[in-house]
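Biologist: I have a chain on screen and some questions about its helices and pockets. Can you take me through them?

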Amino acid sequence: MLITHDTRCALDTVVDLVNTAPEDDATPDGLANVAALEDFVRNHEISDVGVLSEFDLSAVRKIRSRFAGIFAAPDPRAAAGLINDLVAAAGTTPRLTDHDGYDWHVHYFAPGASVADHLAADCGMALAFFVVAGEQERLRRCEAPDCRHAFVDLSRNRSRRYCDSRTCGNRLHVAAYRARRKEAAG
């Protein structure tokens, strides 16, 4: 599957957005306030965003929840329905642009759109490309029992199981190794 630069950026953004949600009552919200949202927007180089407010924060949290539902969708039809609703509510207006030193690419959000609509349109379309390509199963959650972070499996054979093999994957492999050693020592 060919993934363009802007689609990859949108995928990274949606994954990071979904992963800002608290996993339980003890985990802090990664978008705890407007300053955190401003940092998120700046770190992901989201263009055409004006001054952010509490209203924007609330709207982005709602969009985040809807994106989480797409990663949990049991099949392509369910994912497509969620994506269609999300993108339609954003009022998409596809247009070509070549801003900030990037070559021509498509923005799906309307000029002057809120940050939530911007995310819903651009990130929603990036996820839509996966459903269209028959690759919805690549939109996953980490299989580590103490981590449910979202990720997009871009491995060639769709075999990625963990959000980060260096942390979640290694932690589970080390635990399994230690358990085997303990059992062998009896």
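Modeller: What follows covers two helix packings and two pockets, all in a predicted model.

Biologist: How are α4 and α5 oriented to each other, roughly parallel or roughly antiparallel?

Modeller: Helix α4 spans residues 76-90 and helix α5 spans residues 115-132. Their axes lie 8 Å apart, at an angle of about 150°. Angles over 145 degrees count as roughly antiparallel. Therefore α4 is, relative to α5, roughly antiparallel.

Biologist: Which hand does the crossing of α4 and α5 have, left or right?

Modeller: The hand depends on which way the near helix is turned from the far one. For α4 and α5, the crossing is left-handed.

Biologist: How many nonpolar residues are in the contact of α4 with α5?

Modeller: On the α4 side, the contact includes Pro76, Ile83 and Leu86. On the α5 side, Met125, Leu127 and Val131 are among the residues involved. There is 1 polar and 1 charged residue in this contact. The nonpolar count is 14.

Biologist: How does α1 sit against α5, roughly parallel or roughly perpendicular?

Modeller: The axes of α1 and α5 are 9 Å apart. The angle is about 110°. The range of 65 to 115 degrees counts as roughly perpendicular. So α1 packs against α5 roughly perpendicular.

Biologist: Which residues of α1 make the contact with α5?

Modeller: By class, this contact has 10 nonpolar, 2 polar and 1 charged residues. From α5 come residues including Leu119, Cys123 and Phe130. From α1 come Thr7, Ala10, Leu11, Thr13, Val14 and Leu17.

Biologist: Which residues lie nearest the centre of the largest pocket?

Modeller: This pocket has a volume of about 500 Å³. Its lining has 12 nonpolar, 9 polar and 5 charged residues. The elements giving two or more residues to that lining are α1, β2 and α5. Of the 26 lining residues, those nearest the centre are Asp6, Cys9, Ala10, Glu45 and His107.

Biologist: Which element gives the most to the lining of the second largest pocket?

Modeller: The second largest pocket holds about 220 Å³ of space. Among its 13 lining residues, Val15, Ala150, Phe151, Val152 and Arg160 are closest to the centre. Two elements, α1 and β4, give two or more residues to the lining. With 5 residues, the top contributor is α1.

Biologist: How many charged residues line the second largest pocket?

Modeller: Sort that lining by class. There are 7 nonpolar and 2 polar residues. The charged residues number 4.

Note on methods
Residues are numbered from 1 along each chain as its sequence is written. This is a predicted model: local features need pLDDT of at least 70, side-chain atom pairs count only at pLDDT 80 or more; totals for chains, interfaces and linings use all residues. Side-chain values use heavy atoms; hydrogens and water are left out. Axes are lines fitted to C-alpha atoms, for helices over the stretch in contact, and angles run from 0 to 180 degrees between N-to-C directions. Helices (H or I, at least four residues) and strands (E, at least two) are DSSP runs, numbered from the N terminus. Angles under 35 degrees count as roughly parallel, over 145 as roughly antiparallel, 65 to 115 as roughly perpendicular and the rest as oblique. Contact means heavy atoms within 4.5 Å. Ala, Val, Leu, Ile, Met, Phe, Trp, Tyr, Cys and Pro count as nonpolar, Asp, Glu, Lys and Arg as charged, and the others, Gly among them, as polar. On a 1 Å grid over the protein atoms alone, a cavity is a set of points where a 1.4 Å probe fits but cannot get out, and a pocket is an open set with protein on both sides within 12 Å along at least five of seven lines; lining residues have an atom within 4 Å of a point. Grid points are joined across faces, edges and corners, and a volume is the space filled by probe spheres set on the points.
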